[in-house]
Amino acid sequence: MACMHDHSCEDHDCSSNWSLYKHIDLSKVSALNEAFPGSVKSVFKAWEQRLNFSEGHLESNDGDPELLVFVPFTSDVKIKSISIVGGADGASPSKMRVFINREGIDFSDAQSMQAVQEWDMVENLHGVLEYQTRYSKFQSVANITLHFPDNSGGDTTQIYYIGFKGEATQLKRDVVATIVYELMPNPSDHKTKANSSGGLSHVE
Amino acid sequence: MVLEATMICVDNSEWMRNGDYAPNRFQAQADAVNLICGAKTQSNPENTVGVLTMAGKGVRVLVTPTSDLGKILACMHGLEVGGEMDLAAGIQVAQLALKHRQNKKQQQRIIVFAGSPIKHDKKLLEMIGRKLKKNSVALDIVDFGEEDDGKPEKLEAVLASVNSNDTSHIVRVPAGPNALSDVLINTPIFTGDGEGGSGFAAAAAAAAAGGVSGFDFGVDPNLDPELALALRVSMEEERARQEAAAKKAAEEAAKEKGGEQQPTSQDTAMTEGPSASAAEANEKKDDLMDDENALLQRALEMSMDGTTSSHDMRDTDMSEAAADDPNLQLALQLSVQEGAKEGNDMSKLLADQSFVSSILSTLPGVDPNDPSVKDLLASVQNQSEVGFVHCFELSMDLCGVEHLEFYYLVVMGKISKVVLRRRNVLL
């Protein structure tokens, strides 16, 4: 698929730039106000497939164009730009607002919170447009939430492809789940297989 | 095992004083709430449940979503009934409470008990429903109590606007003999979406059906499946025996009058003998073998006195070992058969050394080539009651009394039935 940038593509492969989709944790991707639960996963694919609509697309509920997409990554990434392919006939989103590293955002939060960055969007049926980010703010993104408050007049909002361009670092930004602090070690808390299944050493 | 945060909206309006659900609507609701909380926390330990009341002075959150069952049960206690229910506000506050749940990974669900008339109009309710759907909150509605004109339509409309992918449900519970919670147990509200019933729901259903102790025969099938099975089987066997005895009595009364009356009375006496022993077998503890021995001896003497050929002693007790062992299965099948079959079959079988020795070989600690066993077989074939007692004692010696489970071969004198019984002796 020839990319329609105004540079010659023989030098580099455009699709490799849009490879951040490989770092998306697809099982944890979720969307609010989607008409078919789970359909949001189909919009994250390779750049060459961005116009391949056979897998399904993300659609909002009838009469309600708002969409909220939560995208976690498997490691921290730096996002340079975002590309969205929307639907025809006013089913494309008209605005995009993003939030970084916040979990559990719902519509009321999204509407009241200050977004990290906002864009006015235009119809981008062939996926050639990309929206640049303020790179300094997108340096270590563990998850990103995209909020599409409105579309360009259609009944529903349809999104066929969401692409991220940037770099992946190997760092993982994980919330520390459980930490146990011990003032004094208690051997019964540290049962190892050797101890508990009748080895020579037996700790009571 | 869905990870879920649930808010239960309880209707404590004036309409809940009505007694058409036993003991009154509010109590029935409280029981149902307790059961739901239990079911949710059991299906996944990280589930949380919260409770709020919709009537009274206003919507009040009693418990924010928590996995602590005690807190929830305590807050249901001592609630006052009064006021009017505000369904819209109740659902919205529930949604807010769910929004601020601690674990954002939990799915959101609201369960509403709608017992009193709904004063909101359909449009408002549908809007609320759509908002719930947008924020992917599931809604379960329990429609009970007042049967207002517009109430079912309004509730159906709410459900239609909320429902995405069948995660939301509505249950209509009419007033009647069944308790509210019993009706709810079989609904998807309890069983979850297509999970087919958690263990809790199944146990609760058994409790509802079983009666006093909560389980059949007071034994939890989960804790001790073998014992529960043995008890259930003895019960069935007992019932079958009594039916057969009744049938026999009817037959024989029809066939031969007068003279046969004595044997039939003995017949019933005999069936009572083994039934007494079977009843003893149902005791869980302290079934001394001496008692059993004495009873069986008495039964045997009775069988010696009995003249007619075709009564059956149904001392059968189908152990689950029978399922595995074809020999045992055969023996049990034969022993459960109707009395029409003569005892000859059994004596023929007994005469078959190989069959008996194969059965004996399945007994732990019994060596068919042991001379004492061979003596036993010989004595058995002579069909004397002495053989029975010997057999009993022998098997005890062979198996060792210290074994918690042992097998003994019961051979009933003239009737010549081979029965294998497995007993749990609880020391």
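**Chain A's fold, chain B's helix 1, and confidence**

Among contacts in chain A between residues at least 6 apart in sequence, 79% link residues at least 24 apart. This is a predicted model. Chain A contains three helices and eight strands. Read from the N terminus, its elements run α-β-β-β-β-α-β-β-β-β-α. Chain A has 204 residues, and 46% of them are buried. Its accessible surface is about 11,100 Å². Carbon and sulfur atoms account for 51% of that surface.

Now turn to chain B and its helix 1. This helix covers residues 25–43. Its 19 residues should span 27 Å, because each residue is expected to add 1.5 Å; the end C-alpha atoms lie 27 Å apart, in agreement. Is helix 1 of chain B mostly covered or mostly uncovered? Mostly covered: 15 of its 19 residues are buried. At the start of the helix, B:Asn24 makes a link to the backbone. One of its side-chain oxygens comes to within 3.1 Å of the backbone nitrogen of B:Phe26.

Confidence needs a look as well. The model scores ipTM 0.74 and pTM 0.59. Chain B has a mean pLDDT of 71. In that chain, 53% of residues reach 70 or more. Two stretches of chain B deserve care. Over residues 208–214 of chain B, pLDDT stays under 50, and the model has five contacts there beyond four places in sequence. Over residues 383–396 of chain B, pLDDT also stays under 50, and the model has 30 such contacts. Where pLDDT is low, predicted coordinates should not be read in detail.

Conventions: Residues are numbered from 1 along each chain as its sequence is written. Chains are lettered from A and ligands numbered from 1 in the order in which they are written. This is a predicted model: local features need pLDDT of at least 70, side-chain atom pairs count only at pLDDT 80 or more; totals for chains, interfaces and linings use all residues. Side-chain values use heavy atoms; hydrogens and water are left out. Helices (H or I, at least four residues) and strands (E, at least two) are DSSP runs, numbered from the N terminus. The expected span of a helix is 1.5 Å times one less than its number of residues. Buried means under 20% relative accessible area, exposed over 50%, partly exposed in between (1.4 Å probe, protein chains only). A polar contact is a pair of N or O atoms within 3.5 Å; within protein, one must be able to donate a hydrogen and the other to accept it, and residues adjacent in sequence count only if both atoms are side-chain atoms. Contact means heavy atoms within 4.5 Å. Accessible areas come from the Shrake-Rupley method with a 1.4 Å probe; for residues, only the protein chains shown count as cover. pLDDT is the predictor's confidence in each residue, from 0 to 100.
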